[in-house]
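The paragraphs that follow walk through a model of a protein assembly, chain by chain and then contact by contact. Please keep the sequence and the three-dimensional view at hand while reading.

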Amino acid sequence: MATLAGCAGPRSTLDPAGPAASTIATLWWVLLVGAALLFLLVMVLFVIVMMRPGWARKVSPARWIVLGGLVLPAIVLTPLVVYALMTGERLLPRSADNPLRIEAEAEQWHWNFTYPSAGGVKTEGVLHLPAGRPIDVVVTSLDVIHAFWIPRLAGKIDAIPGHANVLRIEADQPGTYEGLCNEFCGKGHSGMRFDVIVHPAAAYDAALVAPDLAGRIAR
Amino acid sequence: MTDAIDQGATPPAGSALRLHRELSEIWRTGPGLQRLAAVNHSILGIRFMVTALAFFAIGGVLGMLTRVQLATPMSAFMDVGTYNQVFTMHGSIMLFLFAIPMLEGIAVYLTPKILGTRDFAFPRLTAYGYWCYLFGGTILTVSLLAGVAPDGGWFMYTPLSSNVYTPGINADVWLLGVTFVEISALTLAVEIAVSTLTMRAPGMSLDRMPVFGWYMLVTAFMMILAFPPLILGSILLESERAFGFAFFDPTRGGDPLLWQHLFWLFGHPDVYIIFLPMAGLLSTMIPVLAGVPLAGYRAIIVAIIGLAFMSFGIWVHHMFTVGIPHLALAFFSAGSAIVAVPTAVQLFAWLATLAQGRPRWNVPMLYVFGFFSTFVIGGLTGVMLAIVPFDWQAHDTYFVVAHFHYVIAGAVAFPLIAGLYYWLPLLTGRVAVYRLSVPAFWLIYIGFNLTFFLMHLVGLLGMPRRINTYPDFESWTFLNMLSSVGGFIMTIGFALVVVDLIAQIRYGRRIRRDPWHAATLEWAMPIPPAPYAFASLPHIEARADRINVGTLAPQLARGEGYLGATRNGWQETLGVHMTSGAPEQLIVLPRPTYLPLWTAIATAAAVLTMLAKLYPLTLAMAAVTAGLFVFAALNAGLDRDHGLLPVGRGVSVPVHTECAHPPAWWALVFTLIADGTLFTSLVFGLLFLWVAAPNWPPVAVPDTGLALSLVCILALAAAAFFARRALVRLVGRQAPRLFIALAALALLVAIGVAVVLIGGIVPRPSDHALGATAAALLTFLALHAGIGLLFLLVATLRLASGRAGPTRTIDLRLARLWIDYTAITGALAVGLVLALPALVALLGMRP
């Protein structure tokens, strides 16, 4: 699906590169098909009542309202809500997966990342991840509200001063991805982005302590 | 309609013209500058709508500016500061200065006519509401020209909107200007609710009320409940900005999420507040265009009441990414999905109506089609966004921008223009030319879908909202350019509609009666409507959306209904029983007056001096405003008893001044419901901070004096007792003065104690949110006790002048009700402040 023309792009949620984004992209295609069918249904009904009033008059008003207003939503919404709940539960940060922990700190208008697993190495504007391993990003802010988002990997979570939110992300393949701030945070909002560099899992620990680590903040 | 009326038997032939002349003389608004004194609902309704359209044009231009900026990547058209002001003001203007006032204008203009009465209950309040709206809107617009417009987004999230990160005047303009306009919205909401419930044509029980009345009633109650949380939030945030109180600052025990809860507690119902009146227009027009009665009248009423309730329980779906536990989100997610049910009920009721009839393809119908297609898309994307995991990706992207433009731009613009074409013959007495109407529709329709449909896609491709520029990603660039082109096509369409409407107003063919074969009361009057609306009021014996306009209109014009004669030069209309619609009181309405204008100018002065941080002057202007309200109250009503007066068809009722529950009573009841919502929001705020905010517990723990607190509560109880005694004595024809004085004294004691308690609060309000919320609770008490004093002052002065007396007791009744409310909320407030140390001690258990 993701390779459909026009869906690719460095920030496309429809071109997923991780399990969370992939799950949500599938959810989207399901939603799209359902919505398109419902839209067609209503518009066909509208055309029929306008063009063929005699035909449509055979259905009593009460039946119209019960079928369209109660039965139809019940049939559509009940499984949808259950599916959504189960999907959401699967995307939550569960400690059973033994995730790697990285701290993300937003400040007008840049991102700092701390890697406790590598003895507290810090980077600015570049997030380093291992491929194929679940990661919990602990997101907070030092000033106003920002939001942490890597569209191709997962959904977003707000960075709120005084709060620490946890987002589960994972990248399937090594490579470079785009991350950005997704909550309006003032004049620098449009440019508040970061690079995500995904390393092969085996090379990750070494990369973090290498002297030429991209974005490294000297201590 | 053949019963004799009280004064003279059946009116003689030619009486219609004479009655018209007499009524016009009584109800007219003077020429020239005297127009500023207008209080008539037709005039004010049109003013609201025309002003709202002017703001729509301004907001539209701002929207176009954003489309110019975003048409190409790395655009240098606007700098980021300007862009932030432009998109903030686009949203703020469209929602607060266009959508809400437009629905108010429609309500003011149409509701009395559709319900078969001559005006709204509080014409001077309508005028005051209009001026507040105009002045507040002007302040916001002028700030844009001065380059100091709000720039923090229409949602004003803290801490970005705090004085640390937005030190300039910009955020103050938003908080004060929008609150100013909201005062207007609240006054209108109370007025719509009271008028719909108590002022209808005699015999129009609630189950005979046209569905439009139900929509307006439900909308009004939603406004009464939805606006207070935002007003409270704005007051708290402004006091944080101006005086350093800590409510939202996480470093001082506040929480930015409190603002979001208060904002969306308003913001989500607001969507339905805007949509429901438009649905009301559709439910009124569609049956007429189809030539059959509305299908599912009762189902629709149940649906909109259900919708109103649900809309208050799903605000959290705007906050799916703030870190609330997933199971809690699931609850709000399911709620947001279920909201589709009442909406689907309405949609299929309209389809059923069309199916039963022989719908005509005309210009309003074309816009109904436009509504159906955009609204269904908006509704479906709404369900998508209610799905939590999908929202995690789509939240704050252009997908959301697309969604809500379908819902509140498409689902407002299309019904609104349909309504304009439908009701303009009523306003102007002319039918449309229609030469431009059809191409204008297609330009709007194509332009709208081109602009906003593509935004879904660019959002999914990862484009966030509120960015002023973007890198040259191939997919984004192409889609944004097309969106901008669509925007300009849509704008040309809107411009053509304006030209078309002007052509209709200037050159349309004159008509004398209903061009649609409608069946509601607004067409059973001379077209365009006279200032008195109905020469006499109809008696309703069946559902009032099945009126035979052709036979009823001439009967009413001849004065064959209720109040078909003039008396004492009074502007008369009838008040009815809330549910049964039986006539209960003769309501005498006030004449044109400049007082609303002066009061609004004083209010505007208070707002402007606050903006200029001249706080002593603000206090003075607030005092002037309060004084003008007292002055307005002094001359209201009548100065003697009239007993039962004949109102036609053999019915006699008392004048409203001699009733226990005139419209003013219900207005205060509904105002207190709004006020109670504000108080509840404040208590919610305190408990929310206690449970969830960072940096709790505070270093210092409050230690409020128990003795003083008890004195305060006792003083409030005493005030309530004395006010009650005063009323009993007045009704028993004894002098109530002593008890009024005692009640006032007790209120003064309560205010004094509250001030002392505020002065002693630990931690200081500027040090920690705990102190700030405690101070807010006690200030609430003191302020309400102060307003209680004004009520007592009005009652005293009116007793002295003879306008109040043993049979005209409303002033003391209002005072008593207000003081009762003050005593209850005041005791709760003091009790909460006393409980704070215990609450803080409990914090040890916080996870």
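A search of the whole structure, which is a predicted model, finds zero disulfides over all chains. C181(A) is a useful case to look at, since the nearest cysteine sulfur, that of C185(A), is 3.9 Å away, and because a disulfide requires two cysteine sulfur atoms within 2.5 Å, C181(A) is in no disulfide. The residue is nevertheless buried, with a relative accessible area of 2%. In chain B, C712(B) also counts as buried, at 0% relative accessibility.

From these cysteines it helps to step back to the chain that carries C181(A). The secondary structure of chain A consists of four helices and ten strands, and along the sequence these elements follow the pattern α-α-α-β-β-β-β-β-β-β-β-β-β-α. The radius of gyration of chain A is 23 Å, well over the 17 Å that the globule rule gives for 219 residues, so chain A is more spread out than a compact globule. The spans of its C-alpha trace along the principal axes are about 80 × 40 × 35 Å, and buried residues account for 53% of the 219 residues in chain A.

Within chain A, an unreviewed UniProt entry places the annotation "domain: Cytochrome oxidase subunit II copper A binding" on residues 97-210. Over residues 97-210 of chain A the model has 49% strand and 8% helix, and the C-alpha atoms at the two ends of this stretch are 27 Å apart.

Helix α3 of chain A, which covers residues 61-91, contains I75(A). I75(A) is exposed, with a relative accessible area of 55%, and together with V66(A), L67(A), L70(A) and V71(A) it forms a nonpolar patch on the surface. The accessible area of these residues together is about 410 Å².

The charged contacts come next. Side chains of opposite charge can pair when their charged atoms come close. Over all chains, the count comes to 21 salt bridges. One of them joins R168(A) to D97(A), with the closest N and O atoms 2.6 Å apart. R168(A) lies in strand β8 (residues 165-169) of chain A, whereas D97(A) lies in the loop between α3 and β1 (100-107), so the pair ties together parts that are 71 residues apart in sequence. How buried or exposed are the two partners, R168(A) and D97(A)? At 11% relative accessibility R168(A) counts as buried, while D97(A) is partly exposed, with a relative accessible area of 40%.

Chain B also holds salt bridges, among them the pair R28(B) and E25(B), whose closest N and O atoms are 3.6 Å apart. R28(B) is partly exposed, with a relative accessible area of 42%. In another pair, the side chains of R558(B) and E560(B) meet at 2.6 Å, N to O; here R558(B) counts as partly exposed at 34% relative accessibility, whereas E560(B) counts as buried at 13%. Back in chain A, salt bridges that share partners join R11(A), E178(A), R193(A) and D195(A) into one network.

Chain B as a whole can now be considered. Its secondary structure comes to 23 helices and six strands. For 847 residues a compact globule would have a radius of gyration near 29 Å, and the 28 Å of chain B agrees with this. Along its principal axes the C-alpha trace of chain B spans about 85 × 80 × 45 Å, and buried residues make up 65% of the 847 residues.

For chain B, too, there is a record to set beside the model: an unreviewed UniProt entry gives the annotation "domain: Cytochrome oxidase subunit I profile" to residues 21-541. Over residues 21-541 of chain B the chain is 69% helix and 1% strand, and the end C-alpha atoms are 29 Å apart.

A last residue to locate in the view is V588(B), which is placed in strand β4 (residues 583-589) of chain B. V588(B) counts as buried, at 14% relative accessibility. V588(B) and W315(B) are 273 residues apart along the chain, and their C-alpha atoms are separated by 42 Å.

Definitions and conventions
Residues numbered from 1 in each chain as written. Chains lettered and ligands numbered in written order. Predicted model: local features only at pLDDT ≥ 70, side-chain atom pairs only at ≥ 80, totals over all residues. Heavy atoms only, no water. Patch = residues over 30% accessible without salt bridge, like charges linked within 9 Å, V, L, I, M, F, W, Y side chains within 5 Å. Areas by Shrake-Rupley, 256 points an atom, 1.4 Å probe, with all protein chains shown as cover. Salt bridge = Lys/Arg side-chain N within 4 Å of Asp/Glu carboxyl O. Buried < 20%, exposed > 50% of the residue type's maximum accessible area, 1.4 Å probe, protein only. UniProt positions renumbered as here; feature names shortened; annotations may be inferred. Rg over C-alpha atoms; globule rule 2.2 N^0.38 Å.
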